[in-house]
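Me: I have a protein model open and would like to talk through its architecture. Could we begin with the overall fold?

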Amino acid sequence: TGEQPGGLLTTTSIVENFPGFPEGVDGFELMSRMQKQAERFGARVKFGSIVESADLSKRPFVLTVDGERVEAQSVIIATGASHRHLGLPSEDLLEKKGVTYCATCDGALPMFRNQPLVVVGGGDSACEEATYLTRFASVVYLIHRRDTLRASKIMAERTLANPKIKPVWDSVVTEVLDVKQDKVTGVRVKNLKTGGESTLHPRFWEMIDW
């Protein structure tokens with residue numbers, strides 16, 4: 001399962017496009033139910049992080065997982081997904097010092113409450129994170145490199161209708177401030193159409209989903 005048992009879906013506050021839940025379902029609850037259902041029919045669950053080798057030349061297949069030999073008649077390769085990063089040196093240096101990647105994990109922390117926050121991206125994940133953060137933030141800046149959101153129609157409409165979400169269109173983050181202070185004090189933003197740069201002064205939050 002990697003470092004996140006259940007995958008990134010477990011960090012999602014509400015899943016609205018999975019069949020059978022007309023009111024939506026919490027991501028962690030959904031993944032827990034899936035595991036319990038599989039166990040009810042005889043599945044044995046063991047957790048591991050790294051598949052070190054795999055011999056698929058004959059059955060049973062033989063894998064080495066975290067140093068342990070595992071035999072299987074079938075192997076499903078599901079690599080999952082991870083958060084996309086901006087690729088900025090300042091982003092890496094300020095991770096866990098104002099830069100974070102999970103709204104449901106960290107959004108309610110005192111350091112983020114009643115603060116202006118930033119979300120980067122324009123897809124469903126970014127919109128969902130921005131909407132969730134409005135529970136705690138004074139305002140949420142949604143920075144997107146295009147002039148329209150690429151999220152689903154219902155998610156985009158819900159996001160833009162929220163008075164606490166302020167879109168910053170046609171823009172990218174060029175630097176996270178301030179490494180010298182060893183904490184996030186703002187972000188430098190470049191407008192892709194005009195080339196002009198400006199600075200926002202929020203605590204920083206990041207979800208990359210272009």
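Reply: Certainly. The model is a predicted one, and its protein chain contains five helices and nine strands.

Me: In what order do the elements of the protein chain run from the N terminus on?

Reply: The order is α-β-β-β-α-α-β-α-β-α-β-β-β-β.

Me: And what does the C-alpha trace span along its principal axes?

Reply: The span is about 60 × 40 × 35 Å.

Me: How much of the chain is buried?

Reply: Of the 210 residues, 35% are buried. The chain exposes about 12700 Å², and 51% of that area is supplied by carbon and sulfur atoms.

Me: Turning to the interior, which residues touch the most other members of the largest nonpolar core?

Reply: They are Val119, Cys127, Ala130, Leu133, Val140 and Leu142, in a core of 18 residues.

Me: Which elements each supply at least two residues of this core?

Reply: Those elements are β4 (116-120), α4 (124-133), β5 (139-143) and α5 (153-161). The largest share comes from α4, with five residues.

Me: What other core lies apart from it?

Reply: Another core has 14 residues, including Val99, Val168, Val189 and Leu200.

Me: What share of the contacts with a separation of 6 or more is between residues 24 or more positions apart?

Reply: Such residues account for 50% of those contacts in the protein chain.

Me: A change of topic: how many positive and negative side chains are there?

Reply: There are 26 positive and 27 negative side chains, and the centres of the two sets lie 2 Å apart.

Key
Residues are numbered from 1 along each chain as its sequence is written. This is a predicted model: local features need pLDDT of at least 70, side-chain atom pairs count only at pLDDT 80 or more; totals for chains, interfaces and linings use all residues. Side-chain values use heavy atoms; hydrogens and water are left out. Helices (H or I, at least four residues) and strands (E, at least two) are DSSP runs, numbered from the N terminus. Buried means under 20% relative accessible area, exposed over 50%, partly exposed in between (1.4 Å probe, protein chains only). Contact means heavy atoms within 4.5 Å. Accessible areas come from the Shrake-Rupley method with a 1.4 Å probe; for residues, only the protein chains shown count as cover. Lys and Arg count as positive and Asp and Glu as negative; His and the chain ends are not counted. The place of a charge is taken as NZ of Lys, CZ of Arg, CG of Asp or CD of Glu. A nonpolar core is a set of buried Ala, Val, Leu, Ile, Met, Phe, Trp, Tyr and Cys residues joined through side-chain atoms within 4.5 Å.
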